[in-house]
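Dear colleague,

I am handing over the structure below for your consideration. My notes on what was found in it follow directly after.

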Amino acid sequence: MQPSSRASFFNLLGTLLLAPLLCVCVSGVQAQQASSSVPLSQAEKAWLQQHSVIRLAPDPGFAPVEWFNRQGDYHGITFDYVQLLEQRLGVRFEIVRGKDWSDILATAKAGEVDALSAIMRTGAREQHLVFTKPYLTLTRGVLAARELDPITRVEDLRGYKVAVVEGSWMDEKLDEYTGMSINHFQDLATALAATSLGVTDVTASALETMAFTRRDEGLTNLQKVGELDHEVALSFAVSKSVTPLAGILEKGLASITSAEAAEIRARWIETSEQPFWQKPVYRYSAIALLVLLLACMAVVIAWNRMLNTRVQERSRQLEEAHIQLIQAEKMESVGRLSAGVAHEVKNPLAIIQMGADYLMEVVPDEDGAKEVVADIGDAVRRADTVIKGLLDFSHSDKLALSSGNLNELIEEAQRLVGHEFRQRNIALNTHLSPSNPQIQMDANKIKQVLINMLMNAAQAVGGDGEVNVSCEVVSIDANSSNNAFQVGEPALRLRIVDNGPGISEENLVKLFDPFFTTKPVGEGTGLGLSVSRNIMELHSGVLDIGNAPEGGARVTMDFRIEKEDQA
Amino acid sequence: MKKRILVVDDEVTLTRMVKLNLERTGDYEVRTENEGAMAVPAAREFKPDLILLDVMMPGMTGDEVAAQLKEDPLLADTKFIFVTAIVTKSETAQAGSNIGGNVFLAKPVKTEELVDTIEKVLAG
């Protein structure tokens, strides 16, 4: 993934995460601002003045209604109510943290705390406590870790091991039924864990609190198997010793509008069971997964492209190697044949030569007879030239190497072909760098190659042309790298460029084929270039022939420079 | 007095042509042989001044013939010219090392060139 796209992904993720939080904060502020004065009686005001601090004991494990989080802070729906009540009644609640619900009930009954904040009214409890009107209703329901027949009544729980929170309204309710298998747990999280692990069959409690705890504890295997036909109506309850507080709290609760109540509820309770794909965690995970998938795809595509390039490169190299192999095989078979052919052809040629010599002496010089005999002699010489070429070819793999100066060799070759160039009125210009290093070479064979190339150039330009020869040290670039030289390696480069018509594409590919020639019959054996290339390869050099960018044919001969000369 | 030349080559036509051309000059008496093995007795009988010897012959090769003749005291002064169908440095070096210090000619050779070489060798 590119840095920019990664950054934008996190921006998006951040926005998605922060948006709901911001909504919560804003609505919270609105709730606090929507305060109204509570019409208390004089007696109530007086009572409050005497009781400025009210001891309140919330249920420590009744999320999301009320609970203490891991940092020990009081949280939940009731906490929001408590905050509103503090503002509107001008009281201060002192939060008393009990061990568990049973403990809290016990302290309340004993009058050790003034009020409980989220409690269901029952006949038994009314003996010790005074209740406000309910301010929050929850739905009773049952969760299980496996498929069960639908449960709609308390009776339907018969036969199942039921987990409940000890002392809870559900616990008390189930006590009314006989033959129930009830398992008591200190808090809801433990009860749900027992069902999740299969210790109990079901957990019965308020659906809203079970959904919250299930998510909080990650008990994802628990599913709702039914709603019971009883609502949980939660009220504040006060100890009988502080009975006037019930009326005061009642008025305080009445000041909270239904809109405020709905807002508080929505803040903590999901209004319906959201399908899993609509849950933010799932959505963020899906986005992250999608991004990851796209990144993987991008990597795969890039990898694929790289492989493809490599395959193409490798195929090209194989193709080149294949062509070289075919060429090498061609050369080898020509070499093998040529020695045998030379021997077999030279004897008949010798006979013809001797026969012609004899006839030249004896035939009368009439009707062009002697001319005919001379033609026979010329034909023998031509044939002999071909044979000599073949023999050069078959024996070109042996070099007599010695250190030599290529500039001097070029000048010698220039003298040898000078006559030919002058006759055709072709300018032969040389540009030889005086600092050229000595190289290891078979001077005779390189001279043979040079003469061959120069004569080819002379024949290519025809009359009144120009042939330029240059020789200098170069650094091999990517365009001219090959099997013999690496890119950046120094080489002594000899170039012969003519201003003739150049070489056609069709002929370029066949140039180095043995016996390929564009010269008129009798003027070339078609072996010169293949022999020349062979000689250059034996020198670990390269002979390349192509067209110069400015037109005309261009011969490039790259020679290896001895290591000590490279510096 | 005419110089005696023995021409040894497995090519019958070639030996006949060489004989024709050399005898036509009027300076040479020429005998031909077409097998290496026959060359030794022929030389002992003919006592040539010079032998034109093909290097590559079936059976007994030119250098084997020369080696045998050199051992014969009666033929110690006989000169040789080796004629070969394959002219390369390696070929001549090999043959030369076996026989030593002899002249080589490459086929096809012109009569003029052949006569010049014979005269040079006979004189040397």
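**Cavities and the contact between the chains**

The lining of the largest cavity comprises 14 residues, and those nearest its centre are B:D9, B:L14, B:V18, B:V83 and B:K107. Please bear in mind that this is a predicted model.

Several elements take part in that lining: α11 of chain A and, from chain B, β1 (3-8), α1 (12-24) and β3 (50-54) each give two or more residues to the largest cavity. The largest share comes from β3(B), with 3 residues. By class, the lining of the largest cavity has 11 nonpolar residues and 3 charged ones, with no polar residues. The space within the largest cavity amounts to about 140 Å³.

In total, 2 cavities of 30 Å³ or more were counted. The second largest has a volume of about 40 Å³. Its lining is formed by A:I410, A:Q414, A:L428, A:T430, A:L450, A:L454, A:V469, A:L494 and A:I496. In chain A, at least two lining residues of the second largest cavity come from each of α13 (406-424), β14 (427-432), α14 (443-461) and β17 (490-498). Here the division is 7 nonpolar and 2 polar residues, with no charged residue.

I turn now to the contact between the two chains. Chain A contributes 21 residues to the contact, and chain B likewise contributes 21 residues. About 1,900 Å² is buried between chain A and chain B, and carbon and sulfur atoms account for 67% of that area. Three residues, A:I351, A:M354 and A:Y358, provide 32% of the area that chain A buries against chain B, which is more than any other three residues provide.

As to polar interactions, which residues form the salt bridge between the chains? The count between chain A and chain B is 1 salt bridge, and B:R24 forms a salt bridge with A:E361, with 3.7 Å between the closest N and O atoms. In addition, 5 residue pairs are in polar contact between chain A and chain B, both residues of each pair being at pLDDT 80 or more.

On the side of chain A that touches chain B, α11 (280-362) and α12 (369-394) each supply at least two residues. The largest share of that side, 15 residues, belongs to α11(A). By class, the side of chain A that touches chain B consists of 10 nonpolar, 6 polar and 5 charged residues. The helix α11 of chain A thus appears in two places: in the lining of the largest cavity and on the side of chain A that touches chain B.

With kind regards

Key. Residues numbered from 1 in each chain as written. Chains lettered and ligands numbered in written order. Predicted model: local features only at pLDDT ≥ 70, side-chain atom pairs only at ≥ 80, totals over all residues. Heavy atoms only, no water. Contact = heavy atoms within 4.5 Å. Buried area = accessible area lost by both parts, 1.4 Å probe. Salt bridge = Lys/Arg side-chain N within 4 Å of Asp/Glu carboxyl O. Polar contact = N/O pair within 3.5 Å; in protein donor to acceptor, adjacent residues only side chain to side chain. Helix = DSSP H or I, 4+ residues; strand = E, 2+ residues; numbered from the N terminus. Nonpolar A, V, L, I, M, F, W, Y, C, P; charged D, E, K, R; others polar. 1 Å grid on protein atoms, 1.4 Å probe; cavity = no way out; pocket = protein on both sides within 12 Å on 5 of 7 lines; lining within 4 Å. Points joined across faces, edges and corners; volume = space filled by probe spheres on them.
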